[in-house]
Structures are given as C-alpha cells and as structure tokens.
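Subject: Structure handover

Hello,

Here is the structure for you to look at. Please open it first, then read my notes below.

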Amino acid sequence: MGVASSRWVAAAALVAAAVLVPGPAAADTGVRQRLDWGECTGLEVPGDSAVRCARLSVPLDRDEPGAHGATAELALSRVAARAERRGTLVVNPGGPGSPGRLWAARTAASLPADLRDHYDVVGFDPRGTGASTPAVSCDPAHFEPPRPDTVPATPADSSRLAERAADYAAACADSPAPLLENMTTADSAADIDAIRQALGLERIDYLGYSYGSLLGAVYATLHPDRVRRLVLDSVVHPGRPWFESNLRQSRSLDGAAQNFFAWTARHDDAYGLGSTPGETAAAYYDARAGLAERPAEGVAGPAELESAYLAAAYSTSTWPDLADALADHAEGDSTALVAAHEKYGESPEDDASYGPYLATQCTDSHWPQDPRTWLEDGADTHADAPFHAWNNTWYNMPCASWSAPSRTWFEVDGGAVDDALLVQASEDGATPVKGAFAMRARFPGARLVVEQGGLSHGVSLGGNPCVDGALTDYLSEGSLPPAADESGEPDLACPAAPAPEPSDPGGSSGGDTREPQAAPYPLLPW
C-alpha cells in the first residue's frame, strides 16, 4: 500500500540537529529566496509550539529550472529554538503523500530539553501534498463507504475492481501534467535541497520515518556533502522497486496482524474471541464475511474493516480499541466497529494523500501494465497472506494505467556519506527489518539500532530509553554505537516495551501506548 496511512500519521515524534553555516549554500542557485515566516493557516498545532509558516517557490521540472518553467510552492513550517540557535532539523513523516508541516511541531515537542532549546525544527508538505501548490487531486468519491469487497469471488469481480483502479488513475490525470510528471522521490529530494538553500544552511540534519527513510537516503545520495546527521527510522528496502516491495509488504503485514490475533487470544478473558491465534483470526474473518453480506450501519463493509484493522499491523497502541470493537461486534453491537472505521479507516478526505502517493510510486519505478500479472500475483499473495493482499493489490493498481511516465528505480548509494543512524523495530510489518539491513549495507558509515521484539512502525522518540539514548547521542554529539561483529546483527539491540494490556473500564491501557507512526496509505513506505 505504501507505508503509513495518513489518517493516523500521528504522534510519537522526532529529534535532530543541523549546523547553521550561512554563506556558500546561498550561492548554489544564484539568488537565495527570502523566507517570510508568519502565521500558519489550515494547520492545527498541538500545544504552544509557536510554529511559524512560510512558502518557497521551486521549479517543477528540475531539469528546466529557468524563469519561464512551471513552478510549485512548498508549504513550510518551523518551530524556532527557545534559546541560542545552534542548528536546524528537517523532518519528514513518510507516505509518500503525507503532508509534513505538522511534524515540525510534533518533533519539537518530543525533543530532549537541551536540543529543543538550541535547534530549529523544519517540516514541509512535499510537492503535490497538503498546502503545497499545485496539489494532486483525483476522486474523493472513490472512498465513499461501503466500498466494493476487495476479495474477488468471480472473474467479473476482478474485472470490476481493475476497472475501478483504472478509473481512479484517469481521474488523477486531470491534475496538472507538469506536476504529475515530476513527483518522484528524486524530485522531492531536490526540494529538500532548495529548502536547505533558502534556510541559508551549508548542511542539514534530517530525520525521516517510513517512506521518509527512502527520501532521506535519496537526498544523501545526491548531496552527501549537505548532510551532517542522517536518521532513517522504519527503513524502506533500497533495492526493491515498489511493485515487488508491495507484494512482500502484503506478506509482512499479514505476519504483523498475526501478532494482534495472538495478543487478543492471550487476553481471551477480556475479549472472549478465542484462546488461540487461529480462533481470534477466525473471529475477524467471520466478521468480514458477515459485513460483506450486510455492512454495519450501512457504511462499514469488508473494505472498511480491512482499512481500519490495518492499524493493528502498524501500532500496538490500537490493539485494545480494535479488539474491543471486534468483541462487541461478535455480541451483536457494531457501534464500536463503525467508530474504529471512522478513527482508523479511510474516508473521502484520503483522496488528498492517496493521489500524491500514487503520483510518486507510479513514477518512481516501472509497473506491470498487463492486468493478468496483477491478478495472478494478487491471487498468489492472498493465498499466503489473506489479511491485506488483495486490498494492497487494488490500492496500487492505478499505476498500471498511470498517465505520467515511470522512471528507472533510483539506486541509493551512501558510500560518500560520513555516517547515519538507522532505527527499526524487528517485527515491523510495514517496512520489514530486512530493509534496514539492506540500507545499512548501502551506507558503510551507518549503524543500525533494532528494537528487538518491537511490534510497531516508527520507533524513534517513542519512549524506549535505549533507542532514544542512541538517537540523542548521535544528534547531539555525532556518537554512534560500535559496529556489530557480524553483518547479520544489529549494531545495537534494544529490548522492546511490553505490548499493551486490555483497556480498563475507563479506557486506559498499559504497556506500549505509542500513537500509530507514519503509516501511509501507502503502506510501504511508507
């Protein structure tokens, strides 16, 4: 799907720092644009972060940056240091397709006090997303519930679902062609460098989650001398183009869902859905079959159930909510299940992130154009991983008929980058841990911190003292863990927090309570 659903790209935030050295960078493109920081509009900011916003004009086509070429305006945000500024951190929450302005405030709120005092934090809505203009816009009605069942029972069902994907691609084609033709990850990396120049920085620190890890790796490949600290969390595999990645992701998401089913079984006294993972999984699939016959309250059918319960594969913090809803539904009350759909699932609002997601993934790499390839691979994957395989297939199938041309997959090469810190949960379903090891192999100076037994997507500044300690050491002093003795081992292994306990009558639960992190819709990435 991508990597993280923008419906719940929330909380657990970030950290970092960057050296502020005005001078040479301003000459990179001749005249440096002046950023006019002012009040933010259309942005609900948590707490009293005093976030300020600005806009930056960039060429849509970086190969034709002349005065007469088409341009985009990037929406930026900044939370200034509370004391003397010593650097700036650029952050990205993932996606692709997820706006990032809000992440400046979330990051600043999560920084240790000393870093918060002395560093600016900068976020941005990537081109085509959020408040940046122009934006990709397709068809909000695509998400009107109840949507068609994603699991085809007949060839006619498959044809209708494939046609639905093609219709969405056709709707997206009404977006400005210069934008759709320049929405690759490399294009967004060029925008990061434009932001760096506009800030007057020689080098930046960068923290990217999920798909943001790939964006950061591409930027570092293109501009290794412009990066001081590089933190990549929940790492996308750098050697697997999106079609292959999504097939593998469907399988890993199924494994992550099994963790939820096993947890629910361990708490059979609270939920009564079965004492084995097989029994609790059967309760979920029985609910799915029933909703196919009669959607709950006329809105929550099997597709809505899938998109809501996908949250369970991203974050353990959702487990008590989702188990409660499934238990109530089994007893004949679907109120909580519909509420889970509204909280975690997709709605017409997701058109604003789904379109940009496709615009990036469909052009980042080549995709099969023969529908038979999609149907055969979808069926094979569903046989092994029924939790989300068909949903993920249709989610990405607009790429089979996308209007803008696709590019050759960008080869990440961090050989010229001094150092980097990679952070990963060992049981992450959206971005499997093998991707983090593969990325480390591309960055000889990198170190990999793995939260052993970690079940959630997005680890940094989530409250694990071992992980956050390594992150703080790197950002504040450039200190990395010692290299592992063997290539198949993490450089630092940190024990994970326990899974949550079932909610008490007041609604609280113990254990890992992190908010879902950068889960696109895109699932991968994403």
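Start with a term: rings of Phe, Tyr and Trp pair if their centres lie within 6.5 Å, taking the six-membered ring of Trp. Keep in mind that this is a predicted model.

**Aromatic rings**

The whole structure holds 22 aromatic pairs. One of them joins Tyr-284 and Tyr-309. Their ring centres are 5.6 Å apart, with 55° between the planes, so the pair counts as tilted, because stacked needs under 30 degrees and edge-to-face over 60. Tyr-284 belongs to helix α9 (residues 277-293) and Tyr-309 to helix α10 (residues 302-309), so the pair ties together parts that are 25 residues apart in sequence. Are these two tyrosines, Tyr-284 and Tyr-309, buried or exposed? Tyr-284 has 0% relative accessibility, so it counts as buried. Tyr-309 has 1%, so it counts as buried too.

Now look at Trp-390 and Trp-394. This pair is stacked, at 5.2 Å centre to centre and 10° between the planes. The two are four residues apart in helix α15 (residues 389-396), so about one helical turn separates them. Both Trp-390 and Trp-394 are buried.

There is also an aromatic cluster. Its members are Phe-260, Phe-261, Trp-263, Tyr-271, Tyr-284, Tyr-285, Tyr-309, Trp-319 and Phe-387. Tyr-284 and Tyr-309, the tilted pair, are both in that list.

**Helix α17**

Next, go to helix α17 (residues 465-477). How far should its 13 residues span? At 1.5 Å a residue, the expected span is 18 Å. The end C-alpha atoms are 17 Å apart, which agrees.

Which residues of α17 are buried? They are Val-467, Asp-468, Ala-470, Leu-471, Tyr-474 and Leu-475. They cover an arc of only 160° around the axis, so they lie on the same side of α17. The general rule helps here: an α-helix has 3.6 residues a turn, so residues three or four places apart point the same way. The face turned away from the buried side carries exposed Pro-465 and Glu-477.

What covers the buried residues of α17? The cover includes strands β5 (204-209), β6 (227-233), β7 (420-425), β8 (446-452) and β9 (492-495). Tyr-474 has a further partner: the charged end of Arg-229 sits over its ring, 5.6 Å from the centre.

Finally, check both ends. At the start of α17, a side-chain oxygen of Asn-464 comes within 3.0 Å of the backbone nitrogen of Cys-466. Just after α17, Gly-478 has a positive phi of about 75°.

Best wishes

How values were computed. Residues numbered from 1 in each chain as written. Predicted model: local features only at pLDDT ≥ 70, side-chain atom pairs only at ≥ 80, totals over all residues. Heavy atoms only, no water. Expected span 1.5 Å × (residues − 1). Buried < 20%, exposed > 50% of the residue type's maximum accessible area, 1.4 Å probe, protein only. Arc of directions from axis to C-beta. Contact = heavy atoms within 4.5 Å. Polar contact = N/O pair within 3.5 Å; in protein donor to acceptor, adjacent residues only side chain to side chain. Lys NZ or Arg CZ within 6 Å of the ring centre and 35° of its normal.
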